Amino acid sequence: MALHPLQNAEFLSTAASDAQLPPASVAEIAFAGRSNAGKSSAINALANRTRLAFTSKTPGRTQHINFFRLRSGALLADLPGYGYAAVPRELKTHWQQFLSRYVSTRQTLVGLVLVIDIRHGLADLDRQLLDSFVESGRPVLVLATKSDKLTPSAARVAARDLERALHTGYPVHASRISVVPFSAVRHVGLEDAERVIAQWLGLEETQVQEARERTHKEKAPPSRGVTRGPKRRS
Ligand SMILES: Nc1nc2c(ncn2[C@@H]2O[C@H](COP(=O)(O)OP(=O)(O)OP(=O)(O)O)[C@@H](O)[C@H]2O)c(=O)[nH]1
Ligand SMILES: [Mg+2]
């Protein structure tokens, strides 16, 4: 039984500068990654919502940080994507500096979710962001997303290659960097990702139990033999 740490997340605020960041008073997790990698889609899939975080077919759209409040009280930050060529250079530099400052100085950040298109592997800008973050000793969860675009065996190989690249590139921090093959479309890897995030947020078994009881009270269980459909596992 997995706890769904992002379920019932609510939009909190948007920040376009340091001054607009919410007060750093509760645990925070951040979703980062290249433009169009699938950050917002991953958040939506984990929150079991279709339009909590805005997704776009046009890369480079998210030019601010959207904050969400999780049921546990923790914050989630959907960071602007980096690396989109058509964004003016000054704006790109602004966001790259902002992101590296944010991940290296945000005291309440308990972990970084790095979303990487499984077909593209680790990019220089991913490394730059990791360089700013890993020294703090905090953990990184890499969602190797869009795995539905590959065959299952190719996805396994690509995820393993990505993990190897990360562990080779960051040998001192390897034990704190995990890779989960993921698909927001096919709902692959949700439970593995949730397990890691729940642990970062200190959500313990007792809370898992409470969440389970709440869910049972809120929703009548489906009658036996009825398929719940592919949208969400229990
Ligand atoms: N096939 C497939 N498509 C996906 C998946 N995740 C995201 N996409 C598609 O990829 C595109 C970008 O997704 P977003 O979630 O908006 O990406 P993002 O990283 O938030 O993008 P920016 O905010 O612009 O940096 C959209 O067209 C999504 O539908 C996935 O797991 N599988
Ligand atoms: Mg986005």
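What is the accessible surface of the chain, and what share of it belongs to carbon and sulfur atoms? In this predicted model, the accessible surface comes to about 12100 Å², and 51% of that area belongs to carbon and sulfur atoms. Of the 234 residues in the chain, 46% are buried.

The chain contains 6 helices and 7 strands. Read from the N terminus, its elements follow the order β-β-α-β-β-α-β-α-β-α-β-α-α. Among contacts with a separation of 6 or more, 76% are between residues 24 or more positions apart.

The interior may be approached through its nonpolar cores. In soluble globular proteins, nonpolar side chains tend to be buried together. Here the largest nonpolar core has 37 residues, and the members that touch the most other members are Ile65, Tyr102, Leu114 and Val142. Leaving aside residues up to four places away in sequence, Ile65 touches Ser13, Thr14, Ala15, Leu21, Ala77, Asp78, Leu79, Pro80, Trp95 and Phe98. A second core, separate from this one, has 32 residues, including Leu70, Leu141, Ile197 and Leu203.

Ile197 also belongs to helix α5, which spans residues 190–200. The buried residues of this helix are Leu190, Ala193, Glu194, Val196, Ile197, Ala198 and Trp200. They pack against three strands and a helix that precede residue 146, namely β2 (28–33), α1 (39–47), β5 (109–117) and β6 (140–145), as well as against β7 (177–181). After α5 comes Gly202, which has a positive phi, near 70°.

Aromatic contacts complete the picture. A pair of aromatic rings is described by the distance of the centres and the angle of the planes. The model has 2 aromatic pairs. One of them joins Phe11 and Phe68, with 5.8 Å centre to centre and 75° between the planes, an edge-to-face arrangement. This pair links distant parts of the chain: Phe11 lies in strand β1 (residues 10–15) and Phe68 in strand β3 (residues 65–69), 57 residues apart. How do the two rings stand with respect to solvent cover, buried or partly exposed? Phe11 has a relative accessible area of 48% and is therefore partly exposed, whereas Phe68, at 1% relative accessibility, counts as buried.

The pair formed by Trp95 and Phe98 is also edge-to-face, because the planes of the rings stand at 70°, over the 60 degrees required, with the centres 5.0 Å apart. Both residues lie in helix α2 (residues 89–105), 3 residues apart, or about one turn of the helix. Trp95 and Phe98 are both buried, and both are among the residues that Ile65 touches.

Terms used
Residues numbered from 1 in each chain as written. Chains lettered and ligands numbered in written order. Predicted model: local features only at pLDDT ≥ 70, side-chain atom pairs only at ≥ 80, totals over all residues. Heavy atoms only, no water. Phe/Tyr/Trp six-rings, centres within 6.5 Å; stacked < 30°, edge-to-face > 60°. Helix = DSSP H or I, 4+ residues; strand = E, 2+ residues; numbered from the N terminus. Buried < 20%, exposed > 50% of the residue type's maximum accessible area, 1.4 Å probe, protein only. Contact = heavy atoms within 4.5 Å. Core = buried A, V, L, I, M, F, W, Y, C linked by side-chain atoms within 4.5 Å. Areas by Shrake-Rupley, 256 points an atom, 1.4 Å probe, with all protein chains shown as cover.
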